[in-house]
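Please take me through this protein–RNA model. I would like short questions with reasoned answers.

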Amino acid sequence: MKYSIPRGTKDILPADSPLWQKLEAICRHVFGAYNYHEIRTPVFEKTELFTRSIGNTTDIVKKEMYEFKDRKGRSLCLRPEETAPVVRAGLENGLIRPDQVTKLYYIGPMFRYERPQAGRQRQFHQAGVEVFGSADPLIDAEVILMNVQLFEALGLMDLEVNMNSVGCPKCRPEFRQQLKAYFKDNISKMCDDCRDRFEHNPLRILDCKEAKCQKFINSAPASVDTLCADCKTHFEEVIKMLDYQEAKVVVNKRLVRGLDYYNRTTFEVVAKSLGAQNAISGGGRYDDLVAELGGKPTPAVGFAIGIERVIEVLKKSEIALAQQPKVKIFFAALGDEARKLAFDLVIGYRERFINADMDYLGKSLKSQLKLADKLGAEKVIILGEDELKKGYGIIKDMKTSKQEEVKLDSLAEVM
RNA sequence: GUGGCCUUAGUGUAGUGGUAACACAACAGAUUGUGAUUCUGUUAUUAGGGGUUCAAUUCCCCUAGGCCACCCCA
């Protein structure tokens, strides 16, 4: 094959696209019910937007960005995530204001230069929401509940919703210190990755999967125990609201999120059926990002779902696969005269938005009927030279195989 | 970026150091204008490049891609 698809990307073929459409429609439906409005931003942005927001030390920025220079030498990046672009767009267009609540959602492709694997591609799709302007725990709860409702609406089962609080710039340094103090003595006995994390990002040690590290991690201090008074109250309020709504959310003290901008509430939903890359959505609060990107200090919360991963779960669980549209009426014509008439009639049906089709290859009647059958046609109109001469066509019901003769001028009204 | 497995017709799979098999799909036909069945036929120089050999699809190396895991993340 001379041309093949770039590594880590996938074509979404007609067999799958109805499922995508269904998923997107349900996202819009649920987000709409919570009064979120769609925003669409460019797939590329100035590189600096991402280095500022996501954090210079994260893998995303260090080695996963599709960066390029345009013809004027400006450094641009294919977006690896959409929170920063939404903040940028919201600020630039006056949508985000400290004194009002703004609710936005987006659906679209993201790009990260990673080694492909199950549930991980270089171009993948996310649907996400962002709320700006409120620090109220109700908003944290609302966003989590909306996420849960979305998955329920899709019929997903065996999900686990984890949440945690990572504190704020006031109390997180304290937690970091405690962690480093705790691991200091034993870090030499832990894995290479953890030793690296100890230096650069001690919080990440908490979700290491190595057995030899686990025994030390188990009794490590938890972020929720070192929260400052404000963060603690906030966290408790969120939990209270979720309990009140009977949401099945589990507090997971080990949950750490990768992006630098998160503070206080973080959460993620994992699907047990998926394998290593099993997080199907993730998000949290990021109260300092808007100011970091040049706006007035404005609290915010958001999350994103990984569409490919959700699609995988949907396929595995055999949840009602959406159907391709089927042909309602098919015209089998023989001879130039008849084909011309058939074309005229087909167009007429289509103008009324009735799915109609015909043969374009000059096939035999037998082949045309075979095709009609394959397309799932309900009715076939047979137009042969003999019929044409006599001024009628044959209408055949493909289910019952019954045929009847119908006058040509009433063929436009069969369906 | 690291590691393991893999790469044969449209799809899914056999197989052997001597010039490729099966299933499904697709297309065509079965006395010439009627669909799901049945029968027949048609459809591949075995990912690309290099090497070993009289000879490679089968052995070795490289490249590309796929799958899976680590890292990380949705």
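The questions below go from domains to cores, then to the RNA surface and to single residues.

This is a predicted model, in which local features need pLDDT of at least 70, side-chain atom pairs count only at pLDDT 80 or more, and totals for chains, interfaces and linings use all residues. Residues are numbered from 1 along each chain as its sequence is written, chains are lettered from A and ligands numbered from 1 in the order written, and side-chain values use heavy atoms, without hydrogens and water.

Q: How far apart are the centres of domain 1 and domain 3?
A: Domain bounds come from an automatic or database domain assignment. In chain A, domain 1 covers 17–169 + 227–316, domain 2 covers 172–218 and domain 3 covers 329–413. Taken over C-alpha atoms, the centres of domain 1 and domain 3 are separated by 51 Å.

Q: Which helix gives the largest share of the largest nonpolar core?
A: A nonpolar core is a set of buried Ala, Val, Leu, Ile, Met, Phe, Trp, Tyr and Cys residues joined through side-chain atoms within 4.5 Å. The largest one has 51 residues, and F31, Y36, L154, I280 and V310 touch the most other members. Helices (H or I, at least four residues) and strands (E, at least two) are DSSP runs, numbered from the N terminus. With nine residues, the largest share comes from helix α5 (residues 137–154).

Q: How many residues are in the other core, the one with L49 and V87?
A: This core lies apart from the largest one. Its members include L49, V87, Y106 and A300. The count is 26 residues.

Q: Which element gives the most to the surface near RNA strand B?
A: A residue is near a strand if one of its heavy atoms lies within 4 Å of it. Elements that each supply at least two residues include β6 (123–132), α7 (192–200), β10 (279–285) and α13 (365–374). With seven residues, the one that gives the most is α13.

Q: How many charged residues does the surface near RNA strand B have?
A: Ala, Val, Leu, Ile, Met, Phe, Trp, Tyr, Cys and Pro count as nonpolar, Asp, Glu, Lys and Arg as charged, and the others, Gly among them, as polar. Of the 51 residues around the strand, R112, R120, R197, M398 and S401 come nearest. By class, 13 are nonpolar and 15 polar. The charged residues number 23.

Q: Which side chain has an N or O atom 2.5 Å from a phosphate oxygen of RNA strand B?
A: A polar contact is a pair of N or O atoms within 3.5 Å; within protein, one must be able to donate a hydrogen and the other to accept it, and residues adjacent in sequence count only if both atoms are side-chain atoms. Bases are reached by Q277, 3.2 Å from a base nitrogen, and by K396, 3.0 Å from a base oxygen. The phosphate oxygen is paired with the side chain of R204.

Q: Is N164 buried or exposed?
A: N164 sits in strand β7, and its side chain reaches the backbone oxygen of L255 at 2.9 Å. Buried means under 20% relative accessible area, exposed over 50%, partly exposed in between (1.4 Å probe, protein chains only). Because its relative accessibility is 1%, N164 counts as buried.

Q: What is the relative accessible area of H234?
A: H234 is in helix α9 (residues 229–244). Contact means heavy atoms within 4.5 Å. Leaving out residues up to four places away in sequence, H234 touches A135, D136, P137, D140, R264, T265 and R285. H234 is buried, with a value of 5%.

Q: How far apart in space are D158 and A271, C-alpha to C-alpha?
A: D158 lies in the loop between α5 and β7 (159–165), and is exposed at 64% relative accessible area. Beyond four places in sequence, D158 touches V270, A271 and K272. D158 and A271 are 113 residues apart in sequence, yet in space they are 6.4 Å apart.

Q: What is the phi of S401?
A: Most residues other than glycine have a negative phi. S401 is in the loop between β15 and β16, and is partly exposed at 46%. Its phi is positive, near 65 degrees.
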